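Let's walk through this model together, starting from the overall layout and then moving to helix pairs, loops and cysteines. Keep the 3D view open and follow along as we go.

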Amino acid sequence: MSDSYDNFIKQSNLKGRGYADGYNASHFMGLTATELCDVKKILKHKALEGDTIAINGIRYLTTDEALDLLNQVLDSTVVLSDATAQASYEAYLLSKDHKYIDQLFDQLAGKESSDRWLAVQLLCSINFGSQWNSDVENQFSQLLLQETDEVLTHSLAKKMLDEMKITRGTSLYKNLIHKLISSQIEVRKNSLYILKNNQINVTN
């Protein structure tokens, strides 16, 4: 038995905070073919049961194997859950295929803030870079207008400003954040309109 496999099994059997630390690359290095087969079976079993730690660990498999398992998780249900949110997030990071982001946004529609907490935070953690476009911007805008949770609203507003290259700490940034998290939806709408139509000086 390799040390990696032994450590993987130990990690898999942990509970609570120990298990929440998750898997890392060292758990997958130097596995024999038989050990790797067992590892994939364990991850699949846990992932299909909705275990987000296992779903996160799938990223350490080869890209094709990982996407296959993640798609199995996504195909198992069309209802938003922490598991489908994590699977969509991992699949997008591996493939950069926007269908995973679109699917996640579609599942978010009409859900209570408590049911979509992880999904929104995962979306806000993605570094879109050159893949930030008008479609993604519109999807985030709709979420921002629907959101009632203060923390999630702030996360969405910060994400949009960061992707749109508004420098943090400037008076412009502070003014926009203040308006984008306003409890008044019309104030949010007006600020989003200004952002969308480039009616600001981003160098301020």
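**A guided walk through the helices**

C124 is buried, as its relative accessible area is 14%. C37, in contrast, is partly exposed at a relative accessible area of 33%. With a disulfide taken as a pair of cysteine sulfur atoms within 2.5 Å, the count for this structure comes to zero disulfides. Please keep in mind throughout that this is a predicted model.

Now step back to the whole chain. What does the protein chain hold in the way of helices and strands? There are twelve helices and zero strands, and read from the N terminus the order of elements is α-α-α-α-α-α-α-α-α-α-α-α. If you draw a box along the principal axes, the C-alpha atoms of the protein chain fill roughly 60 × 35 × 30 Å. The chain has 204 residues, of which 42% count as buried. Looking at contacts in the protein chain with a separation of 6 or more, 60% of them join residues that are 24 or more positions apart.

With the layout in mind, we can turn to how the helices pair up. Two packed helices are described by the angle between their axes and the distance between the axes. Three pairs are worth a visit here, and two of them share helix α3.

Start at the N-terminal end with helix α1, residues 3–13, which packs on α3 at an angle of about 15° with the axes 11 Å apart. Angles under 35 degrees count as roughly parallel, so α1 is roughly parallel to α3. The crossing of this pair, α1 and α3, is left-handed. To see where they touch, select Y5, F8, I9 and S12 in α1, which meet E35, D38, V39, I42, L43 and K46 in α3. Sorted by class, the contact of α1 with α3 has six nonpolar residues, one polar residue and three charged ones.

Helix α3, residues 33–48, also meets helix α5, residues 63–75: their axes come within 9 Å and cross at roughly 25°. That angle makes α3 roughly parallel to α5. What is the handedness of the crossing of α3 and α5? It is right-handed. On the α3 side the contact is made by K40, K44, A47 and L48, and on the α5 side by E65, L69, Q72 and V73. By class, the contact of α3 with α5 splits into four nonpolar, one polar and three charged residues.

The third pair lies further along the chain. Helix α9 covers residues 134–146 and helix α10 covers residues 150–163; they pack at about 155°, and their axes are 10 Å apart. Are they roughly parallel or roughly antiparallel? Angles over 145 degrees count as roughly antiparallel, and α9 and α10 are therefore roughly antiparallel to each other. Their crossing is left-handed. In α9 the residues to select are E137, F140, S141, L143 and L144, and they meet T153, L156, A157, K159 and M160 in α10. The contact of α9 with α10 holds six nonpolar, two polar and two charged residues.

Finally, let's look at some loops. R59 sits in the loop between α4 (52–57) and α5, and at 31% relative accessibility R59 counts as partly exposed. Which residues does R59 touch, leaving aside those up to four places away in sequence? They are Y89, E90, L93 and L94. R59 also gives a C-alpha distance to try in your viewer: R59 and A87 are 28 residues apart in sequence, and their C-alpha atoms are 9.9 Å apart in space.

Two lysines deserve a check of their backbone angles. K96, in the loop between α6 (82–95) and α7 (98–108), has a phi near 60°, a positive value in a residue other than glycine. K96 is partly exposed, at 38% relative accessibility. K165 lies in the loop between α10 and α11 (171–180), and the phi of K165 is near 60°, again positive in a residue other than glycine. With a relative accessible area of 61%, K165 is exposed.

Conventions: Residues are numbered from 1 along each chain as its sequence is written. This is a predicted model: local features need pLDDT of at least 70, side-chain atom pairs count only at pLDDT 80 or more; totals for chains, interfaces and linings use all residues. Side-chain values use heavy atoms; hydrogens and water are left out. Buried means under 20% relative accessible area, exposed over 50%, partly exposed in between (1.4 Å probe, protein chains only). Axes are lines fitted to C-alpha atoms, for helices over the stretch in contact, and angles run from 0 to 180 degrees between N-to-C directions. Helices (H or I, at least four residues) and strands (E, at least two) are DSSP runs, numbered from the N terminus. Angles under 35 degrees count as roughly parallel, over 145 as roughly antiparallel, 65 to 115 as roughly perpendicular and the rest as oblique. A crossing is left-handed if the near helix is turned anticlockwise from the far one by less than a right angle, and right-handed if clockwise. Contact means heavy atoms within 4.5 Å. Ala, Val, Leu, Ile, Met, Phe, Trp, Tyr, Cys and Pro count as nonpolar, Asp, Glu, Lys and Arg as charged, and the others, Gly among them, as polar.
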